[in-house]
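Here's a quick briefing to keep beside the model while you scroll through it. Skim the bullets by topic and click along.

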Amino acid sequence: MDLSGNPISSLEQALHAARALVLADLVAGQVAEADVVSLVEESVVQRRWWVEQWPDGADFVAGLVAQDVQDALLERYGRWPLCPVCGSGDPHALDVEPELGPDPHWVCHKAGVKVAAVGALGSATGGMPSS
Ligand SMILES: [Zn+2]
């Protein structure tokens with residue numbers, strides 16, 4: 001089996017990267033428990049099928065997996081990821097933008113700001129306590 005130049009391998013790379021990015025954000029939100037990780041796996045399986053039908057969408061997979069997991073978490077646990085930008089008012093979740101495009105980011109529509117790239121939520125929400 002020769003993987004060099006095989007388009008499937010770049011799809012697998014995109015799926016692997018998407019899985020890693022979304023898991024990193026789940027870890028940042030401290031919700032990366034076993035059953036949550038399985039939600040990511042389920043999404044990756046579905047998106048593998050999707051991206052095999054439409055290989056040009058490989059760059060979009062990370063944003064799609066993030067949205068799949070967000071939807072699945074909403075049903076089972078509640079909103080994720082909670083907005084770290086707005087200090088007051090009702091807690092609300094961040095949205096993925098673009099919904100279908102490359103280079104997805106978490107955005108807060110209330111504040112109108114990009115909070116972090118998908119996969120970089122930890123650097124936006126942790127590690128820098130205000131003193
Ligand atoms: Zn907000």
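Asp103 sits in the loop between β1 and β2, and in this predicted model its phi is near 55°, a positive value in a residue other than glycine. At 54% relative accessibility, Asp103 counts as exposed (buried means under 20% relative accessible area, exposed over 50%, partly exposed in between, using a 1.4 Å probe and protein chains only). Helices (H or I, at least four residues) and strands (E, at least two) are DSSP runs, numbered from the N terminus.

A word on the ground rules: because the model is predicted, local features need pLDDT of at least 70 and side-chain atom pairs count only at pLDDT 80 or more, while totals for chains, interfaces and linings use all residues. Residues are numbered from 1 along each chain as its sequence is written, and side-chain values use heavy atoms, with hydrogens and water left out.

**Unusual backbone spots**

- Most residues other than glycine have a negative phi, and most peptide bonds are trans.
- Gln30 goes against the phi habit: its phi is positive, about 60°, although it is not a glycine.
- You'll find Gln30 in the loop between α1 and α2, and Gln30 is exposed, with a relative accessible area of 69%.
- The peptide bond from Trp80 to Pro81 is cis, with omega near -10°; Pro81 belongs to the loop between α3 and β1 (95–97).
- Another cis peptide bond joins Glu97 and Pro98, with omega about -10°, and Pro98 lies in the loop between β1 and β2.
- Just after α3, Gly78 takes a positive phi of about 125°.

**The zinc site**

- Which residues hold the zinc ion? Cys83 (SG), Cys86 (SG), His92 (NE2) and Cys108 (SG) coordinate it, at 2.1 to 2.3 Å.
- Donors here are N, O and S atoms within 2.8 Å of the metal (3.2 Å for Na, K and Ca); water is not among the atoms, so sites may look incomplete.
- The 4 donor atoms subtend angles of 105 to 114° around the zinc ion, which makes the arrangement tetrahedral (four donors count as tetrahedral if all angles lie between 85 and 135 degrees).
- For reference, ideal angles at a metal are 109.5 degrees for four tetrahedral donors.
- If you like motifs, the donor residues are spaced C-x2-C-x5-H-x15-C in sequence.
- His92 is buried, with a relative accessible area of 16%, while Cys86 counts as partly exposed at 21%.

**Overall layout**

- The chain has 4 helices and 3 strands, and from the N terminus on they run α-α-α-β-β-β-α.
- Buried residues make up 36% of the 131 residues in the chain.
- Among contacts (heavy atoms within 4.5 Å) between residues at least 6 apart in sequence, 50% join residues at least 24 apart.
- As a long-range pair to click on, Gln13 and Ala58 are 45 residues apart in sequence and 9.0 Å apart in space, C-alpha to C-alpha.
- Gln13 is part of helix α1 and is exposed, with a relative accessible area of 58%.

**The core and α3**

- The largest nonpolar core has 30 residues, and those with the most contacts inside it are Val22, Leu26, Val40, Val65, Val69 and Trp106.
- The elements giving two or more residues to this core are α1 (7–28), α2 (34–53), α3 (61–76), β2 (105–108) and β3 (113–117).
- A nonpolar core means a set of buried Ala, Val, Leu, Ile, Met, Phe, Trp, Tyr and Cys residues joined through side-chain atoms within 4.5 Å.
- Not counting residues up to four places away in sequence, Val65 touches Ala18, Val22, Val40, Ser43, Val44 and Arg47.
- Of the 16 residues of α3, 12 are buried, so α3 is largely enclosed by the rest of the structure; among them are Val61, Leu64, Val65, Val69 and Leu73.
- The 16 residues of α3 should span 22 Å at 1.5 Å a residue, and its end C-alpha atoms are 22 Å apart, which agrees (the expected span is 1.5 Å times one less than the number of residues).

**The β2–β3 hairpin**

- β2 and β3 run antiparallel and are joined by 4 bridges (two strands pair if DSSP finds at least two bridges between them).
- Val107 has Lys114 in β3 as its bridge partner.
- The hairpin has 4 residues between the strands, and Gly112 takes a positive phi near 70° there.

Conventions
Tetrahedral: all angles 85-135°; square planar, octahedral: opposite > 155°, others 65-115°.
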